[in-house]
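Here are some short exercises to work through with the structure on your screen. Try each task yourself before you read its solution.

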Amino acid sequence: MRLFLALTSVTLRGILRDRMLRAILGTVLLLILLVPVFSMFSMRQVQELAITITLSAISFFLLVMSLLLGSSSVWRDIERRYTSSILTLPVSRRAYILGKFSGIAIFIVCCGLFLFLVSVPVIMFAASSYPSDVPVHWLNIALAIGADILKYLLVAALALLFSTISTSFFLPFFATIAVYLAGSASQEVFEYVSGQFGTELQPASVAVIKGVYYILPNFSAFNLKVPAIYGLSHSPGGLALTTLYGVIYVVILLVLAIKIFSRRQLP
Amino acid sequence: MKSESIHSIEISSLSKTYKGRKGKAVEALSELSLTIQNGEICGFLGPNGAGKSTTIKILMGLITATSGTATLCGLPVTDPGARKRVGYLPENPSLFDYLTAREYLALCGRAFAMDGESILRESQRVLELLDLREAADRPVRGYSKGMVQRLGLARTLLHDPDVFILDEPMSGLDPVGRALVKDILKDLKSRGKTVFFSTHITADVEVVCDRVAVIVGGRLRSVDVVDELLESGIEGYDIQVKNCAPALYAGLTSSPKASDITEIYVPRDRFNEFLAHLGKNGGDIHLIEPKRKDLEAFFLDILGKG
């Protein structure tokens, strides 16, 4: 456990000492602080727009972070030969991958929580300038950010998996973006082919599309922005299933990453 | 606790084949078998690309062998626990450059299951030993190549392991650093530690090693006791004599050294005969110095370039 914590701490230190990541965080913070100004462009839905922009900014930041950190995690350590200094200690490759992921995960979770805390006074300020009929549902906003955090942990795990088989930044980065885009649209495509349009397609094509739908992570399941903006209620069962789905998917991706990395020949 | 019956390093029929360009198989190691006894210092000598680093990477679990087995302290090298009693220095170590030396050593200490107090104490000891105390709280990215090499060595010494595996330990060091490393190796030898180090500098092997294994083209070509090798390489003796009649060394190469001292080169096969003549006819021996092939000459012989 001490070793796992040490590996997590080393990954976290690497992230926190990266100037580029700090600059991105600074930019997003600035964007969130400017939310009251942007919200003024909507004459009647200032509060709703403030929540939308804030959640979108947080979501975009977490996406960029999970993509960058996951994609550059393992292959960069191999390329810089950090692996030869860490994996020649009594450290298993499993511990290394888990330590790496947990460092990234802690950073993503902390950033999500920090940005939520920053967004609270910003949304309150924006909402007070033009009060809405719908009260601000803070729990829904927190749930939306929580679901986003889980979604981007999944993205990070996916990028880390690609990173274990890659020798450069490009494969993990672009493959993760491709899966992210496909996974974000898969629910709509599934519903489309499951309806009237599906009867016009070859059964084999429908089966392939449905097969891909089940394999790809369904990122749209984590989108809880609309209930957060308009104060709609959630089904606790649905939330629990989404959480379970995310956690199981992350575990599967990490197991695959460990399997692949354990077989990898290192410089 | 060191078990005397278990060899520190045991390599048996180790082979490694890479896929080269166009899928062509490249044999980096072929049927390598080598045993390193407890408490010995063994040099692993070979030209560039001979397979030294490949062997060491297999021992440290970075790459897997195509066939054959290897153990460290009795445990298979595929088991991370095998590295608990091993201090490893990679060739041109690349350490987390955003960490300070102290942070890096703390990470290593935790990996070796050292307690917090021991990590602090031992980190301080090795940082002082390797003259890194002043730089200990600076990020590694600001270190020179020699400082990184010394930090790599500090890591190997941190947990006082029984076995040291060093890949080109003198690489990137200035003469002071090289002398320091040699002193450390001698100290390890005096403390009964096992050291297996690769190098292509024969002089390093001569100074510190008990045995030398020579690898060429992925095949182990010889394993010799360094002292025996050097002894067998004696070709003759430079003998400085006083008050010796010139007739006694007629036919031998000689040169005057001082007014009454002459240096004579006596081939090995005529050494006893010459001493017998000298004893019978008078003359004092001032100095006898064996002239021998150095390890480099042996190495070049093995390579077929001598």
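**Exercise 1. Find how far apart the centres of domain 1 and domain 2 of chain B are.**

Solution. Keep in mind that you are working with a predicted model.
- Step 1: Locate the domains. Chain B is split into domain 1, residues 9–230, and domain 2, residues 235–293.
- Step 2: Take the centre of each domain over its C-alpha atoms; the two centres are 45 Å apart.
- Step 3: Set this beside the whole chain. The C-alpha atoms of chain B fill a box of roughly 75 × 50 × 40 Å along the principal axes.
- Step 4: Add the contents. Chain B holds nine helices and 14 strands, and 49% of its 306 residues are buried.

**Exercise 2. Work out which strands of the open sheet β12-β13-β11-β14 in chain B stand at the edges.**

Solution.
- Step 1: Recall the general idea. Strands of a sheet pair through backbone hydrogen bonds, in a parallel or an antiparallel way.
- Step 2: Read the order. Four strands of chain B form an open sheet, β12-β13-β11-β14, with antiparallel pairing.
- Step 3: Look for strands with a single partner. These are β12 (253–256) and β14 (284–292) of chain B, so each has one side without a neighbour in the sheet.
- Step 4: Note the twist, which averages 20° from one strand to the next.
- Step 5: Zoom in on one pairing. Strand β11 (residues 234–242) of chain B is joined to β14(B) by eight bridges, and the two run antiparallel. For Lys242(B), the bridge partner in β14(B) is Asp284(B).

**Exercise 3. Decide whether Ser222(B) is buried or exposed, and find the side chain with which its own side chain makes a polar contact.**

Solution.
- Step 1: Place the residue: Ser222(B) belongs to strand β10 (residues 219–225) of chain B.
- Step 2: Check its relative accessibility. The value is 15%, and buried means under 20%, so Ser222(B) counts as buried.
- Step 3: Look for the partner. The side chain of Ser222(B) makes a polar contact of 3.4 Å with the side chain of Asp224(B).

**Exercise 4. Explain why the aromatic pair of Tyr82(A) and Phe96(B) joins two chains.**

Solution.
- Step 1: Begin with the total, which is 17 aromatic pairs over all chains.
- Step 2: Pick out Tyr82(A) and Phe96(B). Their rings are 4.8 Å apart, centre to centre, with 40° between the planes, and the pair is tilted.
- Step 3: Place both residues. Tyr82(A) is in helix α6 (residues 82–86) of chain A, while Phe96(B) is in the loop between β6 (86–89) and α2 (101–111) of chain B, so the pair joins two chains.
- Step 4: Check burial. Tyr82(A) is buried at 3% relative accessible area, and Phe96(B) is buried at 2%.

**Exercise 5. Classify the aromatic pair of Phe170(A) and Phe174(A) as stacked, tilted or edge-to-face.**

Solution.
- Step 1: Take the geometry: 6.3 Å centre to centre and 0° between the planes of Phe170(A) and Phe174(A).
- Step 2: Apply the cut-off. Planes under 30 degrees apart count as stacked, so this pair is stacked.
- Step 3: Look at the positions. Phe170(A) and Phe174(A) are four residues apart in helix α9 (residues 170–194) of chain A, which means about one helical turn separates them.
- Step 4: Compare with the surface. Phe170(A) is exposed at 55% relative accessibility, whereas Phe174(A) is partly exposed at 47%.
- Step 5: Widen the view. Trp75(A), Phe169(A), Phe170(A), Phe173(A) and Phe174(A) form one aromatic cluster.

Definitions and conventions:
Residues are numbered from 1 along each chain as its sequence is written. Chains are lettered from A and ligands numbered from 1 in the order in which they are written. This is a predicted model: local features need pLDDT of at least 70, side-chain atom pairs count only at pLDDT 80 or more; totals for chains, interfaces and linings use all residues. Side-chain values use heavy atoms; hydrogens and water are left out. Rings of Phe, Tyr and Trp (its six-membered ring) pair if their centres lie within 6.5 Å; planes under 30 degrees apart count as stacked, over 60 as edge-to-face and the rest as tilted. Buried means under 20% relative accessible area, exposed over 50%, partly exposed in between (1.4 Å probe, protein chains only). Domain bounds come from an automatic or database domain assignment. Two strands pair if DSSP finds at least two bridges between them. Axes are lines fitted to C-alpha atoms, for helices over the stretch in contact, and angles run from 0 to 180 degrees between N-to-C directions. A polar contact is a pair of N or O atoms within 3.5 Å; within protein, one must be able to donate a hydrogen and the other to accept it, and residues adjacent in sequence count only if both atoms are side-chain atoms.
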